[in-house]
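Hi everyone, I'll keep this short. Have the sequence and the model up while I talk, and we'll go through the pocket, the aromatic rings and the core.

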Amino acid sequence: MPKTLLIEIASDVVCPWCYIGKRRLEKALESLKGEVDARIEWLPFQLNPDMPAGGIARADYRRAKFGSLEKGRALDARVAQEGAGEGIAFAFDRMQRTPNTIAAHQLIDLAQKQDKGNSVVDALFRAYFEEAKDIGDVEVLKGIAEHEGVKGWPGKENIGEVKEKEERVRDLGISGVPTFIFDQRTGISGAYPPDQLAQIIRDALAGP
């Protein structure tokens with residue numbers, strides 16, 4: 001009989017390694033079918049908490065972060081190669097804006113309460129990284145909510161709850177994503193290959 005395991009994932013939907021990490025986790029869990037019954041919970045983490053509400057041009061953001069567009073493109077190429085191995089077609093060359101992600105995290109929070117968190121997270125990743133959409137745009141988020149059947153969107157009442165959750169994540173000392181936390185006991189950061197992740201999950205199931 002499979003053992004139940006809570007897997008909390010601190011993630012941001014503009015983090016390409018979080019998208020890769022999600023795909024690798026899915027492969028790891030598929031390989032553990034019959035051993036583990038995983039319950040996934042997404043924890044909010046903004047890579048750019050001071051991002052203007054409307055976001056900024058991606059070229060400007062990458063230039064400021066990496067010093068030059070050339071360095072940013074080289075890093076994108078590496079990520080794209082890793083993503084291709086997981087079936088992700090990153091559209092870095094078509095992405096125009098780096099958005100503020102607080103509203104996306106609100107949508108994920110609302111979706112999780114309706115057992116639709118995983119599909120909404122996947123839809124947000126796909127919209128941003130493969131369809132080059134601005135996931136800070138209210139119409140884009142509305143379209144995702146409608147397509148995934150999330151009721152009650154848009155809603156502003158959970159913004160305080162989302163910010164409190166993010167604060168708790170940072171209070172744990174988490175400063176990079178993706179970070180995976182197993183049964184609130186152990187955790188790892190990074191997009192590990194599926195076989196390594198599967199072993200880490202087995203170790204977590206075995207307990208302290």
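Before we look at the pocket, a word on how I'm sorting residues: Ala, Val, Leu, Ile, Met, Phe, Trp, Tyr, Cys and Pro count as nonpolar, Asp, Glu, Lys and Arg as charged, and the others, Gly among them, as polar. And do keep in mind that this is a predicted model.

Okay, the pocket. The largest one has a volume of about 370 Å³. It's lined by 20 residues, and the closest to its centre are V14, P16, R62, K65 and F66. Which elements give two or more residues to that lining? They are α1 (16-31), α2 (58-66), α3 (69-84) and α5 (117-130). The largest share is from α2, with five residues. Sort the lining by type and you get 13 nonpolar residues, two polar and five charged.

Now the rings. Searching the whole structure turns up eight aromatic pairs. Take Y19 and F90: the ring centres are 6.1 Å apart and the planes sit at 85°, so we call this pair edge-to-face. Y19 is in helix α1 while F90 is in the loop between α3 and β4 (97-98), so this pair ties together parts that are 71 residues apart in sequence. Are these two buried or exposed? Y19 has 0% relative accessibility, so it counts as buried. F90 comes out at 12%, and it's buried too, because the cut-off is under 20%.

Then there's Y128 with F129. Their ring centres are 4.8 Å apart with the planes at 70°, so that's edge-to-face as well. Y128 is buried at 3% relative accessible area, and F129 is buried at 1%. Now put those pairs into a bigger picture: ring pairs link Y19, F90, F92, F125, Y128 and F129 into a cluster.

One more ring to point out, this time with a charge. The charged end of R170 sits over the ring of F45, and the distance to the ring centre is 4.1 Å.

Last stop, the core. The largest nonpolar core has 56 residues, and I7, L124, F182 and I201 have the most contacts inside it. Where does that core come from? Elements supplying at least two residues each include β1 (3-11), β2 (36-44), α4 (102-112) and α8 (194-206). α5 has the largest share of this core, eight residues. So if you're scrolling through the model, α5 is one to look for twice: it gives residues to the pocket lining and to the core.

Methods:
Residues numbered from 1 in each chain as written. Predicted model: local features only at pLDDT ≥ 70, side-chain atom pairs only at ≥ 80, totals over all residues. Heavy atoms only, no water. 1 Å grid on protein atoms, 1.4 Å probe; cavity = no way out; pocket = protein on both sides within 12 Å on 5 of 7 lines; lining within 4 Å. Points joined across faces, edges and corners; volume = space filled by probe spheres on them. Helix = DSSP H or I, 4+ residues; strand = E, 2+ residues; numbered from the N terminus. Phe/Tyr/Trp six-rings, centres within 6.5 Å; stacked < 30°, edge-to-face > 60°. Buried < 20%, exposed > 50% of the residue type's maximum accessible area, 1.4 Å probe, protein only. Lys NZ or Arg CZ within 6 Å of the ring centre and 35° of its normal. Core = buried A, V, L, I, M, F, W, Y, C linked by side-chain atoms within 4.5 Å.
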